[in-house]
Amino acid sequence: MTTAPRIVTVRQNILKTNDHTAAGNRQTFQAAGVRAINLASSPGAGKTALLERTLRDLAAEMKMAVAVGDLATDNDAARLRQWGAQAEQIVTGTVCHLDAAMVRDVLLRFDLKALDVLFLENVGNLVCPSSYDLGEAARAVLISTTEGEDKPLKYPTMFNTADVVVITKMDLADAVGFDRDLCRENIDRARPGVKVIELSSKSGDGLAAWYSFVRGER
Amino acid sequence: MHEASIALSLIEVACDVLREHGASRASALTVRVGQWSSVVPEALIAAFPACAEGTPLEGATLTIERVPGVGDCPDHGPVELDVRRGLRCPLCDAPTSTLVQGDELELDSLEIA
């Protein structure tokens, strides 16, 4: 016996399992009193450098740790551990982004109750990480002065989901002819009204605004 | 490129729907992909057949419906956005604070074989 094909209306988010896991992570963070910050950028924009500086400068003030995604190596976690903070690598293999299940699994390695801030350093990539909620309290998207000012429009989803956009390597801005106004205009087109912080992890300029964001100050 | 991951999630969602309907196979499915979803429809279509191999979705036809971005202009109401210009009203260039539509990534319907 054969029956005629039947069309079923579904209308379900394809990433609902990830979103569900992310909601669980968010509850875990809230229950432990940890502020989780998801950092995303293209490769080489300076996520690890900014975190190294942050771990060093805020060590006396708060307890921080990092979960860092990388396709293959343990290099970033090793760099971050130098500053005395716990840093756990999430080796993603062929996957170009962190997802909520990877974060849920790595959380078992942390004593969350002892932490104030947990940084989730995403895989360097401005496309894929944008689709995956990790359960973070806030998402920071970094763009460096050595990249094109049009990146916010080339990668609109990533910038459109940012709670803060950080322009890094400001110490190189003049040397590379960085067009600050154009970059800020494009950021605002991708995410109207978003807070923008300009800083240099090397010189330390602009870090106060970043630290205020890390603390969760308004 | 995360379309293979998206394809696997899509198959998982579709298999759940088949199970709920007591069905064993799907012959076609329609997915809505927003212009602001960061998913490239062509790449998803390319990744799908290999991901579907050995699942109840094997051989199913994947159709993608592209969903344009829509913003809410303070003066002009809902307006279709140009992704190259960002969240700006195409008529007056005013910022449209949020996306009303265009970040979709959803299984719209499927055809049970």
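**Stop 1: where the chains meet**

Select chain A and chain B and look at the zone between them: in this predicted model, 33 residues of chain B are in contact with 29 residues of chain A. On the chain B side, pick out α1 (3–20) and β6 (105–112), each of which supplies at least two residues of the side that touches chain A. The largest share of that side comes from β6(B), with eight residues. Now color the touching residues of chain B by type: 15 are nonpolar, eleven polar and seven charged.

**Stop 2: a sheet shared by the chains**

Keep β6(B) selected and add strand β1 of chain A, residues 6–13. These strands pair in the antiparallel sense over six bridges. To see one such pair of residues, select A:V8; its bridge partner in β6(B) is B:L110.

Which strands belong to the open sheet, and in what order? There are four, in the order β1(A)-β6(B)-β1(B)-β2(B), and the pairing is mixed. At the edges stand β1 of chain A and β2 (61–67) of chain B, each of which pairs on one side only. Look along the sheet and follow the twist, which averages 20° from one strand to the next.

**Stop 3: the chain B part of the sheet**

Select β1 (residues 26–34) and β2 of chain B. They pair in the parallel sense over seven bridges. B:V33 is a good place to zoom in: opposite this residue, in β2(B), stands B:R66. Then show helix α2 of chain B, residues 41–52. This helix lies across β1 and β2 of chain B and runs at about 165° to β2(B).

**Stop 4: chain A as a whole**

Hide chain B and zoom out. Chain A has eight helices and eight strands. Its C-alpha atoms fill a box of roughly 75 × 40 × 35 Å along the principal axes. The radius of gyration of chain A is 19 Å, which agrees with the value near 17 Å that a compact globule of 218 residues would have. Of the 218 residues, 47% count as buried. Among the contacts in chain A with a separation of 6 or more, 74% are between residues 24 or more positions apart.

**Stop 5: a covered strand**

Select strand β2 of chain A, residues 35–40. How many of its six residues are buried? Six of the six are, and the strand is mostly covered. Turn on the side chains: A:R35, A:I37 and A:L39 point one way, while A:A36, A:N38 and A:A40 point the other way.

Next, add the neighbors of β2(A). Strand β5 (residues 117–121) of chain A pairs with β2(A) in the parallel sense over five bridges, and A:R35 has A:V117 as its bridge partner there. Strand β6 (residues 138–144) of chain A also pairs with β2(A) in the parallel sense, over four bridges. In β6(A), A:A138 stands opposite A:I37.

**Stop 6: a helix with a buried side**

Finish at helix α7 of chain A, residues 180–190, and select A:C183, A:N186, A:I187, A:R189 and A:A190, which are buried. Why are they on the same side of α7(A)? They cover an arc of only 160° around the axis, so they lie on the same side of the helix. Add α5 (151–154), α6 (156–160), β7 (164–168) and β8 (195–198) of chain A to see what the buried residues of α7(A) pack against.

Conventions. Residues are numbered from 1 along each chain as its sequence is written. Chains are lettered from A and ligands numbered from 1 in the order in which they are written. This is a predicted model: local features need pLDDT of at least 70, side-chain atom pairs count only at pLDDT 80 or more; totals for chains, interfaces and linings use all residues. Two residues are in contact if their C-beta atoms, placed from the backbone, lie within 7 Å. Ala, Val, Leu, Ile, Met, Phe, Trp, Tyr, Cys and Pro count as nonpolar, Asp, Glu, Lys and Arg as charged, and the others, Gly among them, as polar. Two strands pair if DSSP finds at least two bridges between them. The radius of gyration is taken over C-alpha atoms; the globule rule is 2.2 Å times the number of residues to the power 0.38. A residue is buried if 20 or more other C-beta atoms lie within 10 Å of its own, exposed if 12 or fewer, and partly exposed in between; C-beta atoms are placed from the backbone. Axes are lines fitted to C-alpha atoms, for helices over the stretch in contact, and angles run from 0 to 180 degrees between N-to-C directions. The arc is that of the directions from the helix axis to the C-beta atoms.
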